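I opened this notebook to record, entry by entry, what I looked up in the structure. One helix comes before the chain as a whole.

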Amino acid sequence: MNIGIEALSFYVPRYYLDLAALAAARGVDVDKYCIGLGQEKMAVPPPDEDVITMAANAGTQVLTHVDRNSIDTIMFATESGVDQSKAGAIFVHSLLDLPSTCRAFEIKQACCSSTAALDMAVALVHRHPDKKILIVAADVARYGFCTPGEPTQGAGAVAMVVSSSPRLVQLDNESGSYTEDVMDFWRPNYMDEAVVDGKLSIRTYLHALGESWQGYHRQSGRGLDEFERFCYHLPFTRMGEKAHAHLLAIGAATEGGAVSREPICRVSDSLHYNRQIGNSYTASLYISLSSMLEHADDLSGQRIGLFSYGSGCMASFFSGIVGNRYQEWLTGDLHRDMLGDRVELSYEAYEELYAQSGPITGDCQTPVHDTGQFRLAGITGHKRLYERVGASAAVPEPEPVA
Ligand code: COA
């Protein structure tokens, strides 16, 4: 049975900071960010936009041509969850008007949980080929102010429908995984920002890539020359180039120097969107896949390789075949318009939004910003209230502080 990605779309907040402005404020050569990290802009979410509203916006886009009643399960992958108990998927289920028979739950392992969700979705469709699974993955990548991670911040959400009509990418059965207990990046419950040992995270990412590839290679017998393109988890786009060079070196060693094709062209199409958005953790690999499908010349029937990395760490290398006539189902115009229509923030406005890192009390209203179709209206009695933009949710005024 053919199973894979039927539909794919992503959403990013309306605001961004040009990294030239950040470089000027930090007294850093802008080439370090643009060339050394491969980043030009970073998405900045306002306080009335969170992983739920971003995921709901991406979900609305991806369901345009899919019958909502056919969705059997919605899975939410995130490492910026809004509650320790209730799954973000339930809020999104409600905002998307999914049927009450549709299951909803959240799944976590750093940036890799969207790929774990994809694996689980494939298994569910295998059991019930007439069902469709909706995966939403959304994150706000937030590092400490003035830290090395700051220029790699970003935010975004991706939504995918997985089914037995894989119009975009039919997934192969083989995948190689790697798990190791390592503290390269984590976010304790009492912190808003991630704690990161950046250099260790790069070394661990590359090691995990090598191990995952070897596992995949042993299972499938495929060599690197059997792939037309590669997509990588992109904490910053130079990481994709570093990863690809590393993979080719490993491939050349294990395949007796047989890896022939020019390296950069096989990854560059996947970098366009992430360069304009920054890190989006769980969504990053699949925004990279969108970029590749929407920028590369015809990939119909070609095999692509994908590498998913989640700090901590767990990683997977897997693959798929791009569908025939996949171009008819892409939403590239929507993505390009969304990125092109964003509002540029001054450095001062970024600093102000950074300081308002989301609601911290159980009763508050959030200021109205320029958002997508959904926004966080506020919190009352510790309950988050979401609204459709244009339709007001009655959020009671918070009690004055005595
Ligand atoms: N022009 C061009 N390139 C420049 C430059 C300049 N003026 N100045 C520096 N660079 C290059 C460096 O040579 C380096 O490239 P290289 O890695 O190919 O050698 C790159 O820019 C980054 O410089 P570096 O000094 O290593 O940056 P840093 O110490 O500020 O930290 C990260 C970089 C990625 C470790 C940091 O941003 C971080 O911690 N990010 C979050 C964690 C993360 O994304 N991890 C990835 C795996 S999940």
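I began with helix H7, residues 237-254, in this predicted model. Its 18 residues should span 26 Å at 1.5 Å a residue, and I found its end C-alpha atoms 26 Å apart, so the expected and computed spans agree.

Next I looked up which residues of H7 are buried, and the list reads Thr237, Met239, Gly240, Ala243, His244, Leu247, Leu248, Ile250 and Gly251. I noted beside it that an α-helix has 3.6 residues a turn, so residues three or four places apart point the same way.

What covers the buried residues of H7? I found that the cover includes two helices, H6 (198-220) and H8 (272-277), together with the strands E11 (229-232) and E13 (314-322). Just after H7, I saw that Gly256 takes a positive phi of about 65°.

I then turned to the whole chain, where I noted 11 helices and 17 strands. The radius of gyration is 20 Å, which agrees with the value near 21 Å that a compact globule of 402 residues would have. Along the principal axes, the C-alpha atoms fill a box of roughly 75 × 55 × 40 Å.

For burial, I recorded that 57% of the 402 residues count as buried. Among contacts with a separation of 6 or more, 75% come from residues 24 or more positions apart.

My last entry concerns surface and charge: the accessible surface is about 16300 Å², with 50% of that belonging to carbon and sulfur atoms. I also noted 32 positive and 50 negative side chains, the centres of the two sets lying 4 Å apart.

Notes: Residues numbered from 1 in each chain as written. Predicted model: local features only at pLDDT ≥ 70, side-chain atom pairs only at ≥ 80, totals over all residues. Heavy atoms only, no water. Helix = DSSP H or I, 4+ residues; strand = E, 2+ residues; numbered from the N terminus. Rg over C-alpha atoms; globule rule 2.2 N^0.38 Å. Buried < 20%, exposed > 50% of the residue type's maximum accessible area, 1.4 Å probe, protein only. Contact = heavy atoms within 4.5 Å. Areas by Shrake-Rupley, 256 points an atom, 1.4 Å probe, with all protein chains shown as cover. Lys, Arg positive; Asp, Glu negative; His and termini not counted. Charge placed at Lys NZ, Arg CZ, Asp CG, Glu CD. Expected span 1.5 Å × (residues − 1).
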